Amino acid sequence: MRKNIVAGNWKMNNDLSQTETLLTSLKNQKQTSNAEVMVAPTFTNLWHAFEALRESNVEVVAQNMHFAENGAYTGEISASMLKSVGVQTVILGHSERRAYFNETDELLAKKVDAALANSMRVIFCFGEELADRKGDNHENVVASQIKNALFHLDAAAFKNIVLAYEPVWAIGTGETASPEQAQDMHAFIRKTLADKYGNDIAQSVSILYGGSVKPANAKEIFSKPDVDGGLIGGAALKAEDFYAIVNAF
Ligand code: PEP
């Protein structure tokens, strides 16, 4: 059975004191669903968040990492550094990394390899732009993102891969893919996996939807059979909203 997961991507938000406030309010929330819950603070707050959430069932994950183990890569963080502060899971390929930091599928393949080599779990993000959707090219774009970054892996690696479909036109825009659009794409992604790795692997991988998920729309999106959870940006910055989404399952 694949897992339901709700992960909050805090992006470049929250200094230390704001992080403390949000962590305290997260700890006061009540979880009524069976979803795995994750939050991704900035690098500077990872250790603090890890300590604060140690007794909770909220996993602290990272927003990015470099593919190299160490060395002359000023400003970067490696998988083993993340692991040394307790982080076991990393988000890779977020559309903001692709758009503003020129991350390509080829680079992401190296990052995925480095994370897996360090026994980390990867939340791998991908999704089409508005022009791709309008031009009815969205499935081709998504298939090539998945193939280029992940299809060099063997089937066993997929126990440590979570996929996050995030149409770029829906991220931070207030515009959400309709539940039907999300379901259609998630079913297509699962078929793409099945064609390469077989149905057992395809059925075992959690596929999250991301793009303006809010308390008001989460239930309907999560009710779709191939949507196994969400990657949440803006709504993850308010503990009440985030838990309304966590509890939408
Ligand atoms: C995201 O950053 O991954 C995201 C989905 O953001 P938002 O929920 O704000 O659209």
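Here is a short walk through this structure, beginning at its ligand and moving out to helices and loops. Keep in mind that you are looking at a predicted model.

Let us start with the ligand. How many residues surround the ligand? There are 14 of them, and the closest include Lys11, Glu166, Gly172, Ser212 and Gly234. If you sort this shell by class, you will find 8 polar residues, 4 nonpolar ones and 2 charged ones.

Now zoom in on some individual contacts. Glu166, one of the closest residues, places a polar atom of its side chain 2.6 Å from an oxygen atom of the ligand. Two glycines take part through their backbones instead of a side chain: a polar backbone atom of Gly172 is 2.7 Å from a ligand oxygen, and a polar backbone atom of Gly233 is 2.8 Å from an oxygen atom of the ligand. How much of the ligand does the protein bury? On its own the ligand would expose 300 Å², and the protein buries 97% of that area.

From here, turn to the helices, and take α7 as your guide. This helix spans residues 138–150, and two of its packing partners are worth a look. The first to visit is α5, residues 105–117, whose axis comes within 7 Å of the axis of α7, with a crossing angle of roughly 45°. With that angle falling between the 35 degrees limit for roughly parallel and the 65 degrees where roughly perpendicular begins, α5 and α7 are therefore oblique to each other. The crossing of α5 over α7 is right-handed.

The other partner is α8, which covers residues 179–197. Here the axes of α7 and α8 come within 11 Å and cross at roughly 40°, so α7 is oblique to α8. This crossing, too, is right-handed.

Next, find α10 (residues 215–222) and α11 (residues 239–246). Their axes lie 8 Å apart and the helices pack at an angle of about 20°. Why is α10 described as roughly parallel to α11? Angles under 35 degrees count as roughly parallel, and the angle of about 20° between α10 and α11 therefore makes them so. In passing α11, α10 makes a right-handed crossing.

Finally, look at two loop residues with a notable backbone angle. Asn14 sits in the loop that links β1 (5–9) to α1 (16–27). Its phi is near 80°, a positive value in a residue that is not glycine. Asp136 lies in the loop between α6 (130–134) and α7 (138–150), which brings you back to the guide helix. Asp136 is not a glycine either, yet has a positive phi of about 55°.

Notes
Residues numbered from 1 in each chain as written. Predicted model: local features only at pLDDT ≥ 70, side-chain atom pairs only at ≥ 80, totals over all residues. Heavy atoms only, no water. Near = heavy atom within 4 Å. Polar contact = N/O pair within 3.5 Å; in protein donor to acceptor, adjacent residues only side chain to side chain. Areas by Shrake-Rupley, 256 points an atom, 1.4 Å probe, with all protein chains shown as cover. Nonpolar A, V, L, I, M, F, W, Y, C, P; charged D, E, K, R; others polar. Axes fitted to C-alpha atoms, helices over the stretch in contact; angles between N-to-C directions. Helix = DSSP H or I, 4+ residues; strand = E, 2+ residues; numbered from the N terminus. Parallel < 35°, antiparallel > 145°, perpendicular 65-115°, else oblique. Left-handed = near helix turned anticlockwise from the far one by under 90°.
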